[in-house]
Amino acid sequence: MSLLKLKLEEKIPQWKEEASNLIKSKGTSKISDVTVSQTYGGMRGIRAFVCDTSSVSADTGLIIRDHPLLEITHLLPEEVFILLLSGDLPTETEVADLQEQYKKYAHVPKYVWDVLKSMPEDSHPMAMFNTGILAMQRESVFAKKYAEGMLKDDYWKYCLEDGINLLAKLPGLAAGVYRIHFNKGEPIEYDSELDWAENFVHMIGIEDPTGNFKKLMQIYFMLHCDHEGGNVSAFAAYTVASALSDPYYAVSAGLNGLAGPLHGLANQACLKFVLDVLDHFKAVPSKEELTQFSWDRLNSGQVIPGYGHAVLRCPDPRFTAFMKFGKNHIHDDDVFDTVKLLFDVVPPILQEQGKAKNPWPNVDAASGSLLYYYGLKEFEFYTVLFSVSRAMGMVAQMVINRALGIPITRPKSVTYAWLKSNT
Ligand code: CMX
C-alpha cells in the first residue's frame, strides 16, 4: 500500500470525527446569507461548502494548508500534491514512494494516441487533452469497484487509486497532445529515471540545454495546483464527482471549465495579447503607447487577459512567483519586458475605468511569457499545462470529499417569479 494511502488511513477517521462533532455542535449556525444580486451574480461570495486543501484570501492569495504560497514555491509538484491531500509537508521517503507509483502508471495506452490522432487537425489542444482523459475512463478502478458493490467507506481509496493513475499519465498525455497537434513527431515514452515535471520536459521534446525549462515546469506545475473549491473548474469537478462519477469523468469535467477564456484559457489569450502588442509596435512600446493600446482594447469591449479576479484583491502571489523566476533567469527579452511593462500600465487603467473590482494581475499574466522564452511558443497549448497541474487539486479535493461522505450536490434554484414574490 502506498505511504500516502497509509497516511490518509490514519487521518481520515479524525477528519470525519471533527466534521461530525462540528455538525453536532454548530450544525444550525449560519455562515452566509444569500441576496437576490448573488443569485444573478455567479453566486459570488456565498459560503456554501467545505474545501480544506487550500484557501484564497482576497489580500494574500493562495494558502495551501496554512502555508502561504510564496513560502513554499520550492516544493516539487509531487510534494505539493501530498501536502494538498494530507495537510503535511512530506518526508523524502513519502515523495520517493509517490514518484515510484507515478512511474508505475505513467505509460499512456496506445488507444489514446489512436483517438487523438483521429481528431480533426483544428481540434483545440484542450479538447484533445480532455478527450484523452475521457478515453481512459475504462481504466477506472473506482467505477469497477462501484459496479461490484464497494462499501461507502472504501470510496476514497479507489478514488485515490484512480487519481494517482491519472496524475501519473498527465505529463505524458499533455506532451503527446503537443506533439500530435503541432506535428512534432510521435509521442515520446516516459523515462523512469526522471521525476514528474522532468518527464514532461523529456516527453515534449523541447531542448533544455540550461536545465532552466525544467526548473520552470517544476514551479509552473506547483503554482497552478489548486485554488480552493469555488472556481469554475474545481466546482465543476466537485459537482460531477459528487454523483460518484469516477475521477476520469470528474477531472475531465473540471478541465472543460478550465478551457473557458475567463478561466484557464486566459493564459493563451494573455500571451496572444502580448504578441499583438509587439506585432503592432514592432518592438517593446513606450509606457504611453502601451497605455493607449490597452485603452483601445478596453474601449472595443474586450477584457485585458491576465488581470482581474473574482476573489483576489491584490497581485496574485502566483504572478509574483513567476515574475521572480523571470527576473532571475530572463534578460533582454521583448516578450517578458512587455509583460513587465503591462504590470506598470494596466492596474492604473483598470482603476481609472472603475469596472474591474480587482485591477491586479492574476496567475495567467506572466506564465506564457516564460514558456515562450524556453521555446514552448504555441500558446494554444498553455491551458493544457495549467490542467496537468490543476488536476492535482481536483483529485485531492475529491478524495477528501469521498472520505467525508459528502453527498450529491443539489443546491436549490429559484425562479424570477419566486424571487419577486418572496423578497
Ligand atoms: N479587463 C477588462 N474588464 C474587466 C477585467 C479585465 N481584466 N476584469 C474585470 N473586468 C470587468 C468585467 O468584465 C465586468 O464588466 P461588466 O460589468 O461590463 O460585465 C466588471 O469588470 C466587473 O467584473 P469583476 O466583478 O471585477 O470580475 P468578475 O468576478 O466578474 O470576473 C474575471 C473575474 C477573472 C473573470 C475577470 O476579471 C476577467 O474577465 N479577467 C480577464 C480574464 C482573466 O484573466 N481570467 C483568468 C482568471 C484566473 C483564472 O481563473 O485562470
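Q: Two strands pair if DSSP finds at least two bridges between them. What is the bridge partner of Val56 in strand 2?
A: Leu62 of strand 2 is the bridge partner of Val56. Ser55 also has its bridge partner in strand 2, namely Ile63. This is a predicted model: local features need pLDDT of at least 70, side-chain atom pairs count only at pLDDT 80 or more, and totals for chains, interfaces and linings use all residues. Residues are numbered from 1 along each chain as its sequence is written, and side-chain values use heavy atoms, with hydrogens and water left out.

Q: How do you know that strand 1 and strand 2 pair?
A: Count the bridges. Strand 1 (residues 54–57) and strand 2 (residues 61–64) share four bridges. The rule asks for at least two, so they pair. The sense is antiparallel. A hairpin with three residues makes the connection from strand 1 to strand 2.

Q: What makes strand 2 and strand 3 a pair?
A: Their two bridges reach the minimum, so the call stands. Strand 3 covers residues 67–68, and the pairing is antiparallel. Ile63 stands opposite Pro68 in strand 3. Two residues lie between these strands in the hairpin, where Arg65 takes a positive phi near 45°.

Q: Why are strand 1 and strand 3 said to stand at the edges?
A: Start with the order. The three strands form an open antiparallel sheet, arranged 1-2-3. Strand 1 and strand 3 each have a single partner strand, so one side of each lacks a neighbour in the sheet.

Q: What makes Met43 stand out by its phi, and where is it found?
A: Its phi is near 55°, a positive value in a residue other than glycine. Met43 is in the loop between helix 2 (36–40) and strand 1. Helices here are DSSP runs of H or I with at least four residues, and strands are runs of E with at least two, numbered from the N terminus.

Q: Which phi does Asp332 take, and where is its place?
A: Asp332 has a phi near 55°, again positive in a residue other than glycine. Its loop lies between helix 15 (317–329) and helix 16 (334–353).

Q: What makes the ligand's contacts with Arg44, Ile304 and Lys357 polar contacts?
A: A polar contact here is a pair of N or O atoms within 3.5 Å. A side-chain N or O atom of Arg44 is 3.1 Å from a ligand oxygen. A backbone N or O atom of Ile304 is 2.9 Å from a ligand nitrogen. A polar backbone atom of Lys357 is 2.7 Å from a ligand oxygen. Each distance falls within the limit, so each pair qualifies. The protein covers 75% of the 890 Å² of accessible area that the ligand has on its own (Shrake-Rupley, 1.4 Å probe).

Q: How many residues are around the ligand, and which come nearest?
A: There are 21, each with a heavy atom within 4 Å of the ligand. His263, Gly306, Tyr307, Lys357 and Asp364 come nearest. The shell holds 11 nonpolar, six polar and four charged residues.

Q: What makes a space in this model a cavity, and how many are found?
A: On a 1 Å grid over the protein atoms alone, a 1.4 Å probe fits there but cannot get out. Four cavities of 30 Å³ or more are found. The largest holds about 90 Å³. It is lined by 13 residues (an atom within 4 Å of a grid point), and Tyr102, Ala106, Asp195, Trp196 and Asn199 are closest to its centre. Helix 4 (92–105), helix 8 (155–181) and helix 9 (196–204) each give two or more residues to this lining.

Q: Which element gives the most to the lining of the second largest cavity?
A: Helix 18 (residues 382–403) does, with three residues. That cavity holds about 80 Å³. Its lining residues include Phe49, Asp52, Tyr238, Gln397 and Leu404. By class, the lining has seven nonpolar, three polar and one charged.

How values were computed. A polar contact is a pair of N or O atoms within 3.5 Å; within protein, one must be able to donate a hydrogen and the other to accept it, and residues adjacent in sequence count only if both atoms are side-chain atoms. Ala, Val, Leu, Ile, Met, Phe, Trp, Tyr, Cys and Pro count as nonpolar, Asp, Glu, Lys and Arg as charged, and the others, Gly among them, as polar. On a 1 Å grid over the protein atoms alone, a cavity is a set of points where a 1.4 Å probe fits but cannot get out, and a pocket is an open set with protein on both sides within 12 Å along at least five of seven lines; lining residues have an atom within 4 Å of a point. Grid points are joined across faces, edges and corners, and a volume is the space filled by probe spheres set on the points.
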